[in-house]
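Work through the exercises below with the sequence and the model open. Each task is followed by a solution in steps.

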Amino acid sequence: MKWSLMQLSKLRNLGQLQVNETIELQELIALHPDIRAVQPVHVRANASFTSNQLIFNLRITGEMTLPDARTLNDVVYPFEIESIEPFLLEVDATLDDSDDINVPIGNTVDLRPLVQELILLHVPVQVHGDDEENQLVQGKGWTILTEEEPEDVEPKIDPRLAGLAQFFKKDQDS
């Protein structure tokens, strides 16, 4: 997934470049504190040439292990990322800050750092596993509410406000 500009100029004559590789990205574990493990990542890309750009249509799939937001147990999180990434094929080109175009590093176009960046951008803030038997549903002073709560449950009255409820009852009687 790394090509020199000279190799790309030869591939330009073919019209299109295709990538279908599986890569190891274990360095993601050190780059993000929540990622505990990363399975091999499959990268598929179709690249087309324009006058001075190489445009990659990327599809990145894989699995990473993240901590469960409630229990901190490992949760396998599958991901699928699709992105269109242009590379400028000029060595000494100057870009504005507003341009969203990748530039070659030295004389090479390398997809690996771009794939790492896209995966890091798509790490979710919270992940919840399916292990319901180990999850806490209540604790001291709190309970997880669900949408399937029974309707016939009377609301609990705070004992500190019980006297206030009697006050309004007396007011209605008179």
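**Exercise 1. Classify E80 by accessibility and find its charged partner.**

Step 1. E80 has a relative accessible area of 48% and is therefore partly exposed; buried means under 20% relative accessible area, exposed over 50%, and partly exposed in between, with a 1.4 Å probe and protein chains only. This is a predicted model, in which local features need pLDDT of at least 70 and side-chain atom pairs count only at pLDDT 80 or more, while totals for chains, interfaces and linings use all residues. Residues are numbered from 1 along each chain as its sequence is written, and side-chain values use heavy atoms, with hydrogens and water left out.

Step 2. The side chain of E80 forms a salt bridge with that of R59, at 2.6 Å from N to O; the term requires a side-chain nitrogen of Lys or Arg within 4 Å of a carboxyl oxygen of Asp or Glu. E80 is in strand β6 and R59 in strand β5, 21 residues apart, so the pair links distant parts of the chain. Strands (E, at least two residues) and helices (H or I, at least four) are DSSP runs numbered from the N terminus.

Step 3. R59 is partly exposed, at 32% relative accessibility.

**Exercise 2. Extend the pair to a network.**

Step 1. R59 also meets E82 in a salt bridge, at 3.9 Å from N to O. E82 sits in strand β6, 23 residues from R59 in strand β5.

Step 2. E82 is exposed, with a relative accessible area of 60%.

Step 3. Together, R59, E80 and E82 are linked in a network of salt bridges.

**Exercise 3. How many salt bridges does the structure hold, and which residue pairs with D74?**

Step 1. The structure holds 4 salt bridges.

Step 2. The partner of D74 is R36, with the closest N and O atoms 2.4 Å apart. D74 lies in strand β6 (residues 74–88) and R36 in the loop between α2 (28–31) and β3 (37–38), so the pair ties together parts that are 38 residues apart in sequence.

Step 3. D74 is exposed at 53% relative accessible area, whereas R36 is partly exposed at 37%.

Step 4. Both residues touch T65, whose contacts (heavy atoms within 4.5 Å) are D34, I35, R36, A37, D74, V75 and V76, not counting residues up to four places away in sequence. T65 belongs to strand β5 (residues 53–67) and is buried, with a relative accessible area of 10%.

**Exercise 4. Describe the largest nonpolar core.**

Step 1. The largest nonpolar core has 35 residues, of which L8, V41, F56 and I119 touch the most other members. Such a core is a set of buried Ala, Val, Leu, Ile, Met, Phe, Trp, Tyr and Cys residues joined through side-chain atoms within 4.5 Å.

Step 2. Two or more residues of this core come from each of α1 (5–12), β2, β4, β5, β6 and α3. Strand β5 supplies the largest share, 6 residues.

Step 3. Leaving out residues up to four places away in sequence, V41 touches E21, T22, I23, L25, I60, T61, F79 and I119.

Step 4. I119 is one of the buried residues of helix α3 (residues 112–121), along with L114, V115, Q116 and L118. The buried residues of α3 pack against β2, α2, β4, β5 and β6.
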